[in-house]
Amino acid sequence: MLMAPHMNPEDSIVIENDEGEYVCYAGMWWTPENHLAYMEPLCTIPKYRKKGLAAAALSEHYRKLKPLGATHMTGGGNTFYEKIGFKPLIHWTFWEKKAD
């Protein structure tokens, strides 16, 4: 994943607990050509969820990427994003061709 286009490991956010263990990770892919920052993956160890860590990581991504020209960020379809203030912007349509 670290060698994929638009992935810059320096843009990733890693949050650790008091013991130095990683408890939350947020990767961010930046595509300056279309001003899109897309977050993937976002993961938090279950016992550390609902403590604001993922929201803090996304806020830090926003703080870093906004001055670079990011006009929108993508996350996912989870209601988590709306709870922290993100609004749906694009409705995706998936097409499937049925076999004859």
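**Exercise 1. How many aromatic pairs does the count come to?**

Solution. Start with the rule: rings of Phe, Tyr and Trp (its six-membered ring) pair if their centres lie within 6.5 Å. Planes under 30 degrees apart count as stacked, over 60 as edge-to-face and the rest as tilted. By this rule the count is one aromatic pair. Its members are Trp-29 and Tyr-38. Their centres are 5.6 Å apart and their planes meet at 20°, so the pair is stacked. Now check the cover over Trp-29. Buried means under 20% relative accessible area, exposed over 50%, and partly exposed in between (1.4 Å probe, protein chains only). Trp-29 has a relative accessible area of 9%, so Trp-29 is buried.

A note on the model: this is a predicted structure, where local features need pLDDT of at least 70 and side-chain atom pairs count only at pLDDT 80 or more, while totals for chains, interfaces and linings use all residues. Residues are numbered from 1 along each chain as its sequence is written, and side-chain values use heavy atoms, with hydrogens and water left out.

**Exercise 2. Find the order of the elements in the chain, and where confidence is lowest and highest.**

Solution. Helices (H or I, at least four residues) and strands (E, at least two) are DSSP runs, numbered from the N terminus. The chain has two helices and four strands. Read from the N terminus, the order is β-β-β-α-β-α. Next comes pLDDT, the predictor's confidence in each residue, from 0 to 100. The chain average is 83, and 88% of the residues score at least 70. Confidence is lowest in strand S4 (residues 72–74), with a mean of 79. It is highest in strand S1 (residues 13–16), at 92.

**Exercise 3. Describe the surface and the contacts of the whole chain.**

Solution. Take burial: of the 100 residues, 28% count as buried. Take area, computed by the Shrake-Rupley method with a 1.4 Å probe; for residues, only the protein chains shown count as cover. The chain exposes about 7,700 Å², and carbon and sulfur atoms supply 57% of it. Take contacts, meaning heavy atoms within 4.5 Å. Among contacts with a separation of 6 or more, 46% join residues 24 or more positions apart.

**Exercise 4. Place His-61 and list what surrounds it.**

Solution. His-61 sits in helix H1 (residues 53–65). Its relative accessible area is 1%, so His-61 is buried. Set aside neighbours within four places in sequence. His-61 then contacts Asp-11, Ser-12, Ile-13, Ala-26, Gly-27, Met-28 and Met-73. With Ala-26 there is a further detail: the side chain of His-61 reaches the backbone oxygen of Ala-26 at 3.1 Å.

Compare another residue of the helix. Ser-59 also lies in helix H1. At 47% relative accessibility, Ser-59 is partly exposed. Its C-alpha atom is 9.5 Å from that of Ile-84, 25 residues away along the chain.

**Exercise 5. Why is there no bond between the sulfurs of Cys-24 and Cys-43?**

Solution. A disulfide is a pair of cysteine sulfur atoms within 2.5 Å. The closest cysteine sulfur to that of Cys-24 is in Cys-43, at 6.9 Å, which is too far for a bond. A search of the whole structure finds zero disulfides. Now compare cover. Cys-24 is buried, at 2% relative accessible area. Cys-43 is partly exposed, at 40%.

Cys-24 also appears beside Thr-44. Thr-44 is in strand S3 (residues 36–44). At 12% relative accessible area, Thr-44 is buried. Not counting residues up to four places away in sequence, Thr-44 touches Val-23, Cys-24, Arg-49 and Ala-54.

**Exercise 6. Which loops hold His-35 and Lys-50, and what is the phi of each?**

Solution. Recall the usual case: most residues other than glycine have a negative phi. His-35 lies in the loop between strand S2 (22–31) and S3. Its phi is positive, near 60°. His-35 is partly exposed, at 38% relative accessibility. Lys-50 lies in the loop between S3 and H1. Its phi is positive too, about 65°. Lys-50 is exposed, with a relative accessible area of 84%.

**Exercise 7. Locate Gly-75 and name its contacts.**

Solution. Gly-75 is in the loop between S4 and helix H2 (79–83). It is partly exposed, at 37% relative accessibility. Leaving aside neighbours within four places in sequence, Gly-75 contacts Met-39 and Tyr-81. The C-alpha atoms of Gly-75 and Met-28 are 9.6 Å apart, with their positions 47 residues apart along the chain.

How values were computed: A polar contact is a pair of N or O atoms within 3.5 Å; within protein, one must be able to donate a hydrogen and the other to accept it, and residues adjacent in sequence count only if both atoms are side-chain atoms.
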